[in-house]
Amino acid sequence: MPRPPSSPTAPPRSFRWTRRIVLTFLTAFALLPVYVMLSSSLKPLQDVSGKFQWIPSGLTVRPYIDIWDTVPLARYFLNSLIVAGAATVLSVVIAVFAAYAVSRYRFRGKRVFTVTVLSTQMFPGILFLLPLFLIFVNIGNSTGIALYGSRGGLILTYLTFSLPFSIWMLIGYFDSIPRDLDEAAMVDGCGALGALFRVVVPAAVPGIVAVAVYAFMTAWGEVLFASVMTNDTTRTLSVGLQGYATQNDVYWNQVMAASLVVSVPVVAGFLLLQRYLVAGLTAGAVK
């Protein structure tokens, strides 16, 4: 049977083969570390400590059981979940109100506010480490409110990271929503808050989801501030994983197993919210 002629707009054959080769290489490049982590997490410690074998000689699920006893991983997991969840909720709620005000109202200093919010992203986070540490310690000494070494202090710290970007992202998304929807809701008897929650927020779900995913991932995997602002009780996963390295040995199989376990919430959430995330980032980036 003769081969049907190709479309005039179809890419040339050499381009298609080049694309397949590049995509195959990128896929292998992305999946290779995952395979190394997975295979290492299923090996006994003596096999992981020796020369790496691409095909394991023996498999065991013991590392996935021992990770909960070697370090208090469940407590670290709970701390990370509370801190990241609270920082995400606060970031989304505050960003929604701030972005709606900037997008829908005119007020003095509006441009200065938006430029200031965006300019905070230019500075590396390490510049804020010592000032925040001193502020938290002084607040604790003068008022008795324990921010240093507490979950609340870490939540406020992560809020300062995610909130500026969240506001900027939602301003762009709210600007893409026609103002006629707000006016129609107000004609029907809704106030400003009613129009926000009944009309604007449902239309801005992709942008809000993108902001929530960004805030959660920022708080979930942060190491520097979590290592300074926490103690043994409030330690998060990103810092707690260091407990698998002792003075005598490093439990590499348990490190790999714990790393895979703690990445499940982020990967699952990203896969479930992927379509909202892409739509939200695209719409927000246009502005």
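**Arg-179, the nonpolar cores and the largest pocket**

Arg-179 is located in helix H8, which covers residues 179–187. The model examined here is a predicted one, and this arginine offers a convenient place to begin. With a relative accessibility of 42%, Arg-179 is classed as partly exposed, because that class lies between the limits of 20% and 50%. Once residues up to four places away in sequence are set aside, Arg-179 touches Ser-103 and Arg-104. Arg-104 stands 75 residues from Arg-179 in sequence, yet the two C-alpha atoms are 7.8 Å apart in space. Polar atoms take part in both pairings. A polar atom of the Arg-179 side chain lies 2.6 Å from the backbone oxygen of Ser-103, and the side chain also reaches the backbone oxygen of Arg-104, at 3.4 Å.

Attention now turns to the interior. In soluble globular proteins, nonpolar side chains tend to be buried together. In this model, the largest nonpolar core holds 29 residues, and those touching the most other members are Leu-73, Tyr-158, Met-229 and Tyr-244. Two or more residues each are supplied by helices H4 (73–104), H6 (129–143), H7 (151–175), H10 (205–220), H11 (224–229), H12 (237–240) and H13 (252–262). Helix H4 gives the largest share, five residues. Leu-73 shows how distant parts of the sequence come together: beyond its neighbours within four places, it is in contact with Ile-67, Trp-68, Leu-237, Leu-241, Tyr-244 and Ala-258. There is also a second, separate core, made of 26 residues, with Ala-98, Phe-174, Ala-185 and Val-200 among them.

Helix H7 also carries a serine worth a visit, Ser-166. Its relative accessibility is 0%, so Ser-166 counts as buried. Apart from neighbours within four places in sequence, the contacts of Ser-166 are Ser-91, Ala-95, Val-211 and Tyr-214.

Finally, the surface can be searched for openings. The largest pocket has a volume of about 260 Å³. It is lined by 13 residues, of which Thr-120, Gly-125, Phe-128, Thr-160 and Phe-161 are the closest to the centre. Helices H7 and H10 are the elements that contribute two or more residues to this lining, and the largest share, three residues, comes from H7. By character, the lining of the largest pocket comprises seven nonpolar residues, five polar ones and one charged. Helix H7 thus returns in several parts of this account: it gives residues to the largest core, holds Ser-166 and helps to line the largest pocket.

Conventions. Residues are numbered from 1 along each chain as its sequence is written. This is a predicted model: local features need pLDDT of at least 70, side-chain atom pairs count only at pLDDT 80 or more; totals for chains, interfaces and linings use all residues. Side-chain values use heavy atoms; hydrogens and water are left out. A nonpolar core is a set of buried Ala, Val, Leu, Ile, Met, Phe, Trp, Tyr and Cys residues joined through side-chain atoms within 4.5 Å. Buried means under 20% relative accessible area, exposed over 50%, partly exposed in between (1.4 Å probe, protein chains only). Helices (H or I, at least four residues) and strands (E, at least two) are DSSP runs, numbered from the N terminus. Contact means heavy atoms within 4.5 Å. A polar contact is a pair of N or O atoms within 3.5 Å; within protein, one must be able to donate a hydrogen and the other to accept it, and residues adjacent in sequence count only if both atoms are side-chain atoms. On a 1 Å grid over the protein atoms alone, a cavity is a set of points where a 1.4 Å probe fits but cannot get out, and a pocket is an open set with protein on both sides within 12 Å along at least five of seven lines; lining residues have an atom within 4 Å of a point. Grid points are joined across faces, edges and corners, and a volume is the space filled by probe spheres set on the points. Ala, Val, Leu, Ile, Met, Phe, Trp, Tyr, Cys and Pro count as nonpolar, Asp, Glu, Lys and Arg as charged, and the others, Gly among them, as polar.
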